[in-house]
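Let's take a walk through this structure together. We will visit some aromatic rings and then a pair of helices.

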Amino acid sequence: MSETRTTVSAIWSDGLGRAGIRSAQTLLVGALACAVLWSLTRVPVVIIPVTIALILASAIAPLVRWLTTRGWSRIAATGASFVGILTMFGSVITGVGFLVRAQSKELAAKAATGIDQLHVFLNDGPIPVSDEQLTSAWDSIRNFFTSSTFGSEALTGARTVGEILAGLVLMAVTLFFFLLDGDKIRDFLIGFMPANHQTKARLAAERSTLVLGGYVRGTAIVAAVDGLVVGIALAILGVPLALPLGVFIFIGGFIPIVGATAAGSFAVAIALISNGPVTALIVLAVVIGVNQLEHHFLQPVLMGRVLSIHGLAILLALAAGTMLAGITGALLAVPLTAVGWTVYKTWSGRGAPAPAETAAEVTAV
């Protein structure tokens, strides 16, 4: 028996044996991670609103802290910040809705002329497109919208409206309690960990809060610059729905790399339909210029220290998030990746912030 035990020990003690043990451990950890991820994706109506609320709370918490240092009670500061944020978002959505309704007739009138100009451009452009090809493409689009497939997809989309509304309500309630009792919630969750790990877990939570708050605020500034510049250009060029399109580009800016570009492409399409190819080309040049300004100046300056992630990692995170949760996954992929990287660096002892920095900037969420 002793000899057999010695033989087995020798098998696992060499390089290949140690590699096998490490591989088995890696597979078990990967299986656990996949199981957790699969479980989370089964309840998106709960997980997604809570995650968005956590990210927003990290960005809004400094306002709550500033109000409390001015003599406000915690509940009053939380209520004022919460109502102020909801009022701002509600006002923007309402204003955009009124503008779209007010300018819809102007867009329809310009669209007829723009479509005629586009038709001539396609017929006589560098790559001529015949009327038969255009008619075939239009028939394909029309057949799709009148098909049973589109009808079933529309019905499915209608059924999700209730889930979206429920998610918005849950997000608002969760955001309020994160702002009010975020420190208590954090300490409660950390209390389940072994005592020797609680200090490091608290530091990881504090640094993650800094990263999330800095990411949201930096992204909001970058997206606001994108939307403002493109919106002003659209207004100067006389493109209908300039302000709503600027807001749309602002929202798209929260999806790194591809969001603002996709939203800008929509603005180019509106300019093409309403004002013709020349205006569309000018808008395209503005969108490309703003995109370059964002990537080469705004993002490095505003988020270079907070979001220390390589562009390839961001792109892969976007792809994975989009595959797992669609547009919502694309929105959440980068901040969650940044948090994961922050937790790893903290746990491994790499790049820990100075105590003064942590005390000055950390908000308990």
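Buried means under 20% relative accessible area, exposed means over 50%, and partly exposed lies in between, using a 1.4 Å probe and protein chains only. By that rule Phe 188 is exposed, because its relative accessibility is 54%. Phe 192 is exposed too, at 63%, whereas Phe 177, at 42%, counts as partly exposed.

Before going on, a word about the source: this is a predicted model, in which local features need pLDDT of at least 70 and side-chain atom pairs count only at pLDDT 80 or more, while totals for chains, interfaces and linings use all residues. Residues are numbered from 1 along each chain as its sequence is written, and side-chain values use heavy atoms, leaving out hydrogens and water.

Now for the rings. Rings of Phe, Tyr and Trp (its six-membered ring) pair if their centres lie within 6.5 Å; planes under 30 degrees apart are stacked, over 60 edge-to-face, and the rest tilted. The whole structure holds five aromatic pairs. In one of them, Phe 176 and Phe 177 have ring centres 5.6 Å apart and planes at 80°, so they meet edge-to-face. Phe 188 and Phe 192 are also edge-to-face, because their planes stand at 90°, with the centres 5.1 Å apart. Ring pairs also join Phe 82, Phe 176 and Phe 177 into a cluster.

Finally, look at helix H7 (residues 195-237) and helix H8 (residues 242-252); helices are DSSP runs of H or I with at least four residues, numbered from the N terminus. Their axes, lines fitted to C-alpha atoms over the stretch in contact, are 8 Å apart at about 155°, on a scale from 0 to 180 degrees between N-to-C directions. That makes H7 roughly antiparallel to H8 (angles over 145 count as such, under 35 as roughly parallel, 65 to 115 as roughly perpendicular and the rest as oblique).

How values were computed
Helix = DSSP H or I, 4+ residues; strand = E, 2+ residues; numbered from the N terminus.
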